[in-house]
Amino acid sequence: MKKQTSFALLVLLAFGATTLMSTIAQVKKGKTRPLTTEQLMAAIVKPHMTALKKGLVDSKPASDEDWEKLALSVSLLNESSFIMMEDGRCPDQVWADACVKDLREGSASAAAAIAKKDVDAALAGVKQLSASCKACHTKHKE
Ligand code: HEC
């Protein structure tokens, strides 16, 4: 192999490795902020997803307090979709679509339905937002 060719190959390999490493780092944590993806999932995304399922699927909201709890959970899930798209976290289109098309749009429509106390529309929004978990995890969760 010519010296020039092997040098070019080396540069290409080094570039590939760096790109791959920074992709992994982005998925687990943003570039500058301390919050890890694992912390975000464990502290916000999972508990509020569970709260939505309990409050809308397993039982139906009966009091104003029940609706307020649902409003809080769905808003925090919506907010998570913004956090996950910031600070250089987003590595690709799969991640972006899961965050924006599923999690953000689904939670926004569920939030609007919850504000109107419309259980069926809220469930449709929750179904849409919950598709984000599988879509993103299939590619990005080890
Ligand atoms: C845009 C991508 C993305 C979306 C959307 C997403 N997750 Fe995650 N999730 C991850 C990644 C990446 C990890 C692995 C983080 C790690 O181990 O560093 C993870 C890990 C988790 C974990 C394990 C946390 C732990 O303590 O180890 C749970 C639970 C979880 N996600 C729940 C959810 C639920 C529920 C949803 C949907 C409402 C969701 N996730 C949506 C990317 C996503």
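The following exchange explains the terms applied to this predicted model and the values behind them.

User: What should a new reader know about the model and its numbering?
Analyst: This is a predicted model, in which local features need pLDDT of at least 70 and side-chain atom pairs count only at pLDDT 80 or more, while totals for chains, interfaces and linings use all residues. Residues are numbered from 1 along each chain as its sequence is written, and side-chain values use heavy atoms, with hydrogens and water left out.

User: How many helices and strands does the protein chain have, and how are they defined?
Analyst: The protein chain has 5 helices and 0 strands, giving the pattern α-α-α-α-α along the sequence. Helices (H or I, at least four residues) and strands (E, at least two) are DSSP runs, numbered from the N terminus.

User: Why is Ser73 called buried?
Analyst: Buried means under 20% relative accessible area, exposed over 50%, and partly exposed in between (1.4 Å probe, protein chains only). Ser73 has a relative accessible area of 4%, and is therefore buried. Ser73 belongs to helix α3 (residues 64–83). Of the 142 residues of the protein chain, 30% count as buried.

User: Why does Met85 count as partly exposed?
Analyst: The relative accessibility of Met85 is 28%, which lies between the 20% and 50% limits, so Met85 counts as partly exposed. Met85 sits in the loop between α3 and α4.

User: What makes a residue a contact of Ser73 or Met85?
Analyst: Contact means heavy atoms within 4.5 Å. Not counting residues up to four places away in sequence, Ser73 touches His48, Ala51 and Leu52. With neighbours within four places set aside, Met85 is in contact with Cys90, Trp95, Ala96, Cys99, Val100 and Arg104.

User: What makes a set of residues a nonpolar core, and which residues have the most contacts inside the largest one?
Analyst: A nonpolar core is a set of buried Ala, Val, Leu, Ile, Met, Phe, Trp, Tyr and Cys residues joined through side-chain atoms within 4.5 Å. The largest such core has 22 residues, and those with the most contacts inside it are Leu52, Leu77, Met84, Ile114, Val126 and Leu129. Two or more residues of this core come from each of α2, α3, α4 and α5, and α4 gives the most, with 7 residues. Beyond four places in sequence, Leu129 touches residues including Met49, Leu52, Val74 and Leu77.

User: How is a pocket recognised, and which residues line the second largest pocket?
Analyst: On a 1 Å grid over the protein atoms alone, a pocket is an open set of points where a 1.4 Å probe fits, with protein on both sides within 12 Å along at least five of seven lines; lining residues have an atom within 4 Å of a point. The second largest pocket is lined by Ala51, Gly55, Ser59, Pro61, Asp66, Lys69, Leu70, Leu72 and Ser73. Helix α3 gives the most to this lining, with 5 residues.

User: How much space lies in the two pockets, and how is a volume defined?
Analyst: About 650 Å³ lies in the largest pocket, and about 160 Å³ in the second largest. Grid points are joined across faces, edges and corners, and a volume is the space filled by probe spheres set on the points.

User: Which element gives the largest share of the lining of the largest pocket?
Analyst: That share, 7 residues, comes from α5.
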